[in-house]
Amino acid sequence: MKKNLFIPLIALAAICFGNQAKAQVKPAATSQPVTVNINLTDAISITLGATPTVNFTYTTAADYTASKTVEKAGHFTVVSNKPYNLTVVATGAFTPSGGPDLDIVTVTVPAASANGGTPVANVPLSTTAASLVTGSTASTGASYTVDYTIANPASLLNLGASAYSTTVTYTATQL
């Protein structure tokens, strides 16, 4: 009887040992290097805010006696992968003809929104590009607040009732 039990035990041990031996075999491995490139191109853009139009409204006599400022928070956003400068230029005189001189309106970027750059205060609108901010840092979305000011409304006197307008262009130039 001992012989009868001994043979199945040896067979069972052989099966278990055989499975364990197969589990210890390491699979073959291979590897291959891959090159990863980052290809950069200089990029810069300006995107206007939701309401870019600037409106000065003079409806009462009191409006003509003091300066007015229109603050445009989030007026435009600059994306640039390098430091940059901002300039501002008016494309022409205020219309209809006979309108006020361009220098009646000054433009200022408060230092808090100059994106690390140096703002120039009270830049008069002109048909010649003028520096507004110098040395702004590279950014994935620098939002600029712009204050438009008419400091002395006296040059608006003697003008006919009408809407006077010009187009202002902001330019961001990488350094």
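In this predicted model, 25% of the 175 residues of the protein chain count as buried. The accessible surface of the chain comes to about 11600 Å², and carbon and sulfur atoms account for 59% of that area. Among contacts between residues at least 6 apart in sequence, 77% join residues that are at least 24 apart.

The secondary structure of the chain consists of one helix and nine strands. Along the sequence the pattern reads α-β-β-β-β-β-β-β-β-β, with the helix α1 at residues 2-23. The nine strands are described below by sheet.

One open sheet is formed by five strands in the order β1-β2-β8-β4-β6, with antiparallel pairing. Its edge strands are β1 and β6 (123-124), and each of these pairs on one side only. Strand β1 covers residues 44-48 and is joined to β2 by five bridges in the antiparallel sense. Within this pairing, I44 has S80 of β2 as its bridge partner. Strand β2, at residues 68-80, is also joined to β8, here by nine bridges, and the two strands run antiparallel. S80 takes part in this pairing too, its bridge partner in β8 being S139. S80 is therefore a bridge partner of I44 under the cut-offs used for strand pairing, and the contact of S80 with β8 is made through S139. On its other side β8 is joined to β4 (105-108), and these two strands pair in the antiparallel sense over four bridges. In this pairing V105 has I150 of β8 as its bridge partner.

Strand β8 spans residues 139-150 and is mostly covered. Nine of its 12 residues are buried. In a regular strand, side chains alternate between the two faces of the sheet.

A further open sheet is formed by four strands in the order β5-β7-β3-β9, again with antiparallel pairing. The edge strands are β5 (118-119) and β9 (168-174), each of which pairs on one side only. Strand β3, at residues 84-90, and strand β7, at residues 130-136, run antiparallel and are joined by four bridges. Y84 has S136 of β7 as its bridge partner.

Residue S113 lies in the loop between β4 and β5. Is this residue buried or exposed? With a relative accessibility of 11%, S113 counts as buried, because the cut-off for a buried residue is under 20%. Leaving aside residues up to four places away in sequence, S113 touches S143, Y144 and T145.

A search of the whole structure finds two salt bridges. Side chains of opposite charge can pair when their charged atoms come close. One salt bridge is formed by D42 and K82, whose closest N and O atoms are 3.3 Å apart. This pair links distant parts of the chain, 40 residues apart. D42 is in the loop between α1 and β1, whereas K82 is in the loop between β2 and β3. D42 is partly exposed, with a relative accessible area of 47%, and K82 also counts as partly exposed, at 30% relative accessibility. Both values fall in the partly exposed class because that class lies between the 20% limit for buried and the 50% limit for exposed residues.

The side chains of K68 and D63 also meet in a salt bridge, with an N to O distance of 3.5 Å. D63 counts as buried, at 17% relative accessibility.

Empty space at the surface was also examined. Rolling a probe the size of a water molecule over the atoms shows where empty space is left. The largest pocket has a volume of about 900 Å³. Its lining is made up of 31 residues. Which of these lie nearest the centre of the pocket? They are V54, F56, F94, Y164 and S165. Strands β1, β8 and β9 each supply at least two residues of the lining. Of the elements that contribute, β9 gives the most, with three residues. The lining thus includes residues from β1 and β8 as well as from β9.

Notes: Residues are numbered from 1 along each chain as its sequence is written. This is a predicted model: local features need pLDDT of at least 70, side-chain atom pairs count only at pLDDT 80 or more; totals for chains, interfaces and linings use all residues. Side-chain values use heavy atoms; hydrogens and water are left out. Two strands pair if DSSP finds at least two bridges between them. Buried means under 20% relative accessible area, exposed over 50%, partly exposed in between (1.4 Å probe, protein chains only). Contact means heavy atoms within 4.5 Å. Accessible areas come from the Shrake-Rupley method with a 1.4 Å probe; for residues, only the protein chains shown count as cover. A salt bridge is a side-chain nitrogen of Lys or Arg within 4 Å of a carboxyl oxygen of Asp or Glu. On a 1 Å grid over the protein atoms alone, a cavity is a set of points where a 1.4 Å probe fits but cannot get out, and a pocket is an open set with protein on both sides within 12 Å along at least five of seven lines; lining residues have an atom within 4 Å of a point. Grid points are joined across faces, edges and corners, and a volume is the space filled by probe spheres set on the points.
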